[in-house]
Structures are given as structure tokens and as C-alpha cells.
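Reader: Could you walk me through this model, starting with its ligand site?

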Amino acid sequence: MRYSALSILLNGLRGNAGWRPAWRQPQPRPHYDVVIVGGGGHGLATAYYLAKEFGITNVAVLEKNYIGSGNVGRNTTIIRSNYLLPGNNPFYELSMKLWEGLEQDFNFNAMVSQRGVVNLYHSDAQRDAYVRRGNAMRLHGVDAELLDRDAIRAVLPFLDFDNARFPIQGGLIQRRGGTVRHDAVAWGYARGADSRGVDIVQNCEVTGVRQDGNRVTGVETTQGFIGCDRLALAAAGNSSQVAQMAGLRLPVESHVLQAFVSEALKPFIDCVVTFGAGHFYVSQSDKGGLVFGGDIDGYNSYAQRGNLATVEHVAEAGKALIPALSRVRVLRSWGGVMDMSMDGSPIIDRVHRDNLYLNAGWCYGGFKATPASGYCFAHLIAKGEPHETTRQMRLDRFERGYLIDEKGQGAQPNLH
Ligand SMILES: Cc1cc2nc3c(=O)[nH]c(=O)nc-3n(C[C@H](O)[C@H](O)[C@H](O)COP(=O)(O)OP(=O)(O)OC[C@H]3O[C@@H](n4cnc5c(N)ncnc54)[C@H](O)[C@@H]3O)c2cc1C
């Protein structure tokens, strides 16, 4: 069923009795060509592109909870492609281009809002680093502009310019960056994959991986054994646990990251702003709530909730940037489990067994990557070779020493 203004009108006239569920609730079949572990954004997007772009429809997505219960429904919705390194930049720009056509492509309103992402700088050294990043972006055909202090003040007058411990000197803006409604991304991909024949099996936890020699033959699940020709892992914060079932130890640590939403306010922030001198970033949702967050809590955890020390830290950083925040009430906060890789960049690779594929290491930036991650992972699974934008995202880069260290800060999750 295609969604359109006409379908809303006609269904309205018929008492809204004609809507059908956006995806089925199938019983898993005994065997699939491809089984994907994880019904998050990346798993669902992979299934969608496998079916749509590569004609592989005998696919199951196995999700231990309900789809969207993981990070795809817990993130702060920011998309951008403002990356420095050649191992990252073309990939995230591919993702940005897919975001730009996504709603038409999967016929679902994901509220893609290219409202701009501003990274503030507070020192000469930081400005130089941002100039370098902006130039690298422009060399790759990505939009980037350096704004000085007055230009920032004109659009964000409520920031603390006058009394700040780290005065704002300017910012790097990517105007095509912005936000996307995260749940709708999961639902849109699920609907698109389902309509092409993919089985999305919820409440189906993978508990083991069955192998025969150098091949995976299927997975043990809470709904029984499911065989497959190819197994694709896209379990985000649980990546290391799931990979371990296949005998693989990943260079990935699981950390909790928190997010916060305030009471609804009149619109006053019309872009995404990141503080360059502390752990804080903020945007304003269409309902008026400020959506903000900071850094990971800094200790290993599989809990989808965080610690009060980080709440205090984020609140302090927020107030240092926007003093008026001290009067705002926080309505909700939550946490998600991040798959922090050692260099801060992801892994999209065939690993360890002939028919085992891994999609992991997204750290706190995997939402913006969802379309390209799904597309490139599907490309790898279907064709057996990496997409040109993911050639460097190999697992063995950690063994060979070819890290994609975007921030140039070394191999430790808390630095990325
Ligand atoms: C608070 C917060 C803010 C963030 N903000 C941003 C942001 O603004 N921009 C950005 O780009 N990124 C952001 N991220 C990161 C981003 O959300 C993640 O990197 C990305 O969503 C991970 O990919 P996913 O959607 O596939 O993960 P998930 O949605 O977590 O999907 C993985 C799925 O695997 C399932 N699973 C795990 N184990 C099993 C098993 N054994 N069997 C079956 N299923 C299993 C899980 O239940 C889960 O649903 C943020 C994350 C958090 C938590």
C-alpha cells in the first residue's frame, strides 16, 4: 500500500478502516538465504537494500525485542557528513545523499530536516583543525563553511559570548546536516523490506551460531534453529556478544551513552549546535523539546540507562554554553549501548568464516550512517566484495595498524 495525500483522504472518508499493518508478524521459516541479526536501523536498512537493490528477498531480520528498541530509537537524531579522513568522508556523504532521497525512496515520512549542524570553536588551534576538516570536506564535494564570531552571534544570540570561560570564536557549519525522526527510519525500512518479502521476526533472540568447518549453517534462537546460507551481524551495542557466539573476539567495547529531552519551548534553536569546549550538543524537536546529550558515561555497560554523574556533567556543559538552560526542566532521559571501536570508526567486512558478515563499531555516530551502512553491507553480502566507500572499514585494520582515527586521538573508546 502506497502512502500519499490521496490515500490519507480516501481512508479518512472510509473511517480509517482501510489501513493495513505496516509489516507482518511472520513465523520464522526453517531456512533463509540471508539471516540478519539485529532489527535496528542498520539491520533493517540492510534487508531493505538487499531486496530492493540486489534482488535477494529470502531474508530474515531477527530482533530480540521489538524493532526500534535499540539505538535506532534512542539516538538524538543528528545526521551529518562532516568527516575529515578519506576512509570516512565518502561513506558518510553517500549516506547524506541517501538521506536526501530517502522519504521518496521508501515512501515514508521520516521528517528529514536539513537545518544545519554547527560545530563551535573556542581557540586558534581548534579553528585551524576545523579549517582543515572543512577544506577536506570541500575537496570531497561536501558543503562546509567557516563562520566567524559575529556570524554565529547573528544566528545563535543566546549562547554565552561575553562571560564564557572558553569564549566562542566561530564555528564550522554543514548546512546540509540536520535531524531525522529516528523511529520513522526503523519503521520506513521495515515496511519497505517487508513489502518486498523480507521476514521481520521480533522477540526472537539469537543465542548461538551453528558452524560446520569454515561455514556458518544457521543460528540458535529463542524460536528454534534457523538455517541460512549467509549470516549478517548488525547487533550494535551487543556486537561483541553476538560475534563471540561465532567464536570471534572483537576490538569493540560496549559503553552507555545518554540523551535528554526538555519540556516544550517556543522555537529558538533552528539548527544543531555542538559545544567545542565541553561535552554538550543540542537541537530542538518539532514538538519544542530541547534534545541534548554529551559524552559516553565512560565505563563498560550493557544497561540502557546511565549514571547521575554524567547527567550533572552534561547539565554543567549545557549551562556553560547556554546560561538560560538553568531555567529549563528536563522531562526525559535514557541511555543506549554503544559499540565503541578502538579507532572510533566502523567495521563492515566479511570476517572469520566464508559466509559470516559483520557490521559493527558505530560508536555514537551510527544513526547518520544508517542508509549507507545498509546499502554497503547489502552490497558486500550480495556481491562478496566491499562497496568502494567501505574498503578501509575492514576488521583486520586493527591487526595491520591501518586505523581510521578520525580525531587523531589514539586507540581508546573514551577518546572518540
Ligand atoms: C543517546 C544516543 C544518542 C545518539 N545520537 C546519535 C546521533 O545524534 N547521530 C548519530 O549518527 N548517531 C547517534 N547515536 C548512535 C546510533 O544511534 C547508533 O550508532 C546506531 O543506531 C546503531 O545501529 P542500529 O540502529 O542498527 O542499532 P540498534 O538499534 O541498537 O540495533 C541493534 C539491534 O540488535 C538487537 N540485538 C542485539 N543482540 C541480539 C541478539 N542476540 N538477537 C537478536 N537481536 C539482537 C538489539 O535488540 C537491537 O535492536 C546515538 C546513540 C545513543 C544511544
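Reader: Which residues are closest to the ligand?
Author: Happy to start there: this is a predicted model, in which local features need pLDDT of at least 70, side-chain atom pairs count only at pLDDT 80 or more, and totals for chains, interfaces and linings use all residues. Residues are numbered from 1 along each chain as its sequence is written. A residue is near a molecule if its C-beta atom, placed from the backbone, lies within 6 Å of it. In this model 39 residues surround the ligand, and the closest are G38, G40, G70, G336 and G366.

Reader: Which elements give two or more residues to the shell around the ligand?
Author: Elements here are DSSP runs numbered from the N terminus: helices are H or I of at least four residues, strands are E of at least two. Two elements meet that mark, namely α2 (41-54) and β12 (252-264).

Reader: How many residues of each class, nonpolar, polar and charged, does the shell have?
Author: Ala, Val, Leu, Ile, Met, Phe, Trp, Tyr, Cys and Pro count as nonpolar, Asp, Glu, Lys and Arg as charged, and the others, Gly among them, as polar. On that basis the shell has 14 nonpolar, 20 polar and five charged residues.

Reader: Where does the ligand lie relative to domain 1 and domain 2?
Author: The domain bounds come from an automatic or database domain assignment. Domain 1 (20-78 + 84-93 + 100-105 + 182-251 + 343-415) and domain 2 (114-177 + 253-341) both give residues to the shell, so the ligand lies between them.

Reader: Is strand β4 buried or exposed, and which residues are on each side?
Author: A residue is buried if 20 or more other C-beta atoms, placed from the backbone, lie within 10 Å of its own, exposed if 12 or fewer, and partly exposed in between. In a regular strand the side chains alternate between the two faces of the sheet. Five of the five residues of β4 (residues 117-121) are buried. Both faces are covered, with V117, N119 and Y121 on one side and V118 and L120 on the other, so the answer is buried.

Reader: What is the bridge partner of V117 in β13?
Author: Strands pair if DSSP finds at least two bridges between them. Five bridges join β4 to the antiparallel β6 (residues 170-174), where V118 stands opposite I173. With β13 (residues 272-274), β4 pairs in the parallel sense over three bridges. There, the partner of V117 is V272.

Reader: Why does H31 count as partly exposed?
Author: H31 is in strand β1 (residues 31-37). H31 counts as partly exposed because its C-beta neighbours inside 10 Å number 15.
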